[in-house]
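Here is a friendly walk through one protein model, meant to be read with the structure open beside you. Have the viewer ready to pick out residues as they come up.

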Amino acid sequence: MAVVTVDFDGTLYQGNSFKAMFLVAKKEFTWKEWMVVSGGLIKAGVLGVFKGKQAFRQAFFKSFARSFKGKTEKELDAFFKTLVVEGYDEIHYDLVKKIRQHQSEGDEIIILSGALQPFLHAFIKELDLEVHVISTELEFDSEGQCTGETGPIVNGEEKVRRIVDWLGNNSLSSNNKKADTDDLWAYADSENDLPLLEFVNNPVVVNPDKSMKQIAEKKEWPVF
């Protein structure tokens, strides 16, 4: 039984979840929530100038999380369901078919992504996929309200750490077949995923840009 990880942004979801969140927020957020996001966007822009694109993305991401402060899981579920509907046309349906093919062969599937966990749960529910999810978690207080904070963003090397932890804690799959740690797959699209793609023994590059396509060709990785 192989273990197959699938990235979200740019891979299973061919759009950009940041852009989707921004568009939905413009329609649904109160002015106070929008002020939190706008302030975060300004801060992210400054960080981006000095520390690069990844710093910008992470700061913008955290500003969105802060805008969810005080919301319950039920309220967040409604927001992220709207987000799924907004981006439905961006689903990579050929990759969905590939996931189902892996499952028919008894493989274990993990959606491994930096995207917020409620978004991924809404997404896989819409597609009726029975998969594991490892992603960036929103934190909640004892009363079930979002604190506006997140756990570690699951990106880059963090993806490798998370899959190693998962393998250590899940020696048997849900169908009681032993996971083959020598048969690890990763479907991913960007250079941020290089640590994961280099860690597994079956890397597959999905929807690569020019730079990533050159890397895939150099390393002789298949392109989906």
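What follows covers the nonpolar cores, one buried acidic residue, a helix and a hairpin.

**The nonpolar cores**

Please keep in mind that this is a predicted model. Its largest nonpolar core has 44 residues, and the members that touch the most others are Val6, Leu12, Phe68, Phe80 and Phe123. Strands S1 (3-6) and S2 (108-116) each supply at least two residues of this core, and so do helices H1 (17-28), H3 (53-67), H4 (73-86), H5 (93-104) and H6 (117-127). The largest share, six residues, comes from H6.

To see what surrounds one of these members, select Phe80. Leaving aside its neighbours within four places in sequence, Phe80 is in contact with Met21, Phe68, Leu116, Pro118, Phe119 and Ala122. Another core, of 22 residues, lies apart from this one, and its members include Met1, Ile110, Ala188 and Ile215. In soluble globular proteins, nonpolar side chains tend to be buried together.

**A buried aspartate**

Is Asp107, in the loop between H5 and S2, buried or exposed? Asp107 counts as buried because its relative accessible area is 13%, and buried means under 20%. Leaving aside neighbours within four places in sequence, Asp107 is in contact with Met1, Ala2, Val4 and His102. For two of these residues, the table gives distances between polar atoms.

| Atom or group on Asp107 | Partner | Distance |
|---|---|---|
| Polar atom of the Asp107 side chain | Backbone nitrogen of Ala2 | 3.1 Å |
| Asp107 side chain | His102 side chain | 2.9 Å |

**Helix H7 and its cover**

Next, turn to helix H7, which spans residues 157-169. H7 has 13 residues and reaches 19 Å from its first C-alpha to its last, close to the 18 Å expected at 1.5 Å a residue. Which residues of H7 are buried? They are Glu158, Lys159, Val160, Arg162, Ile163, Trp166 and Leu167. The elements covering these buried residues include S1, S2, strand S3 (132-136), strand S6 (184-188) and helix H8 (194-199).

**A hairpin**

Finally, look at strands S4 (residues 138-140) and S5 (residues 146-150), which pair in the antiparallel sense over two bridges. Phe140 has Cys146 in S5 as its bridge partner. Five residues lie between S4 and S5 in this hairpin, and Gly144 in the turn has a positive phi of about 80 degrees.

Note on methods:
Residues are numbered from 1 along each chain as its sequence is written. This is a predicted model: local features need pLDDT of at least 70, side-chain atom pairs count only at pLDDT 80 or more; totals for chains, interfaces and linings use all residues. Side-chain values use heavy atoms; hydrogens and water are left out. A nonpolar core is a set of buried Ala, Val, Leu, Ile, Met, Phe, Trp, Tyr and Cys residues joined through side-chain atoms within 4.5 Å. Buried means under 20% relative accessible area, exposed over 50%, partly exposed in between (1.4 Å probe, protein chains only). Helices (H or I, at least four residues) and strands (E, at least two) are DSSP runs, numbered from the N terminus. Contact means heavy atoms within 4.5 Å. A polar contact is a pair of N or O atoms within 3.5 Å; within protein, one must be able to donate a hydrogen and the other to accept it, and residues adjacent in sequence count only if both atoms are side-chain atoms. The expected span of a helix is 1.5 Å times one less than its number of residues. Two strands pair if DSSP finds at least two bridges between them.
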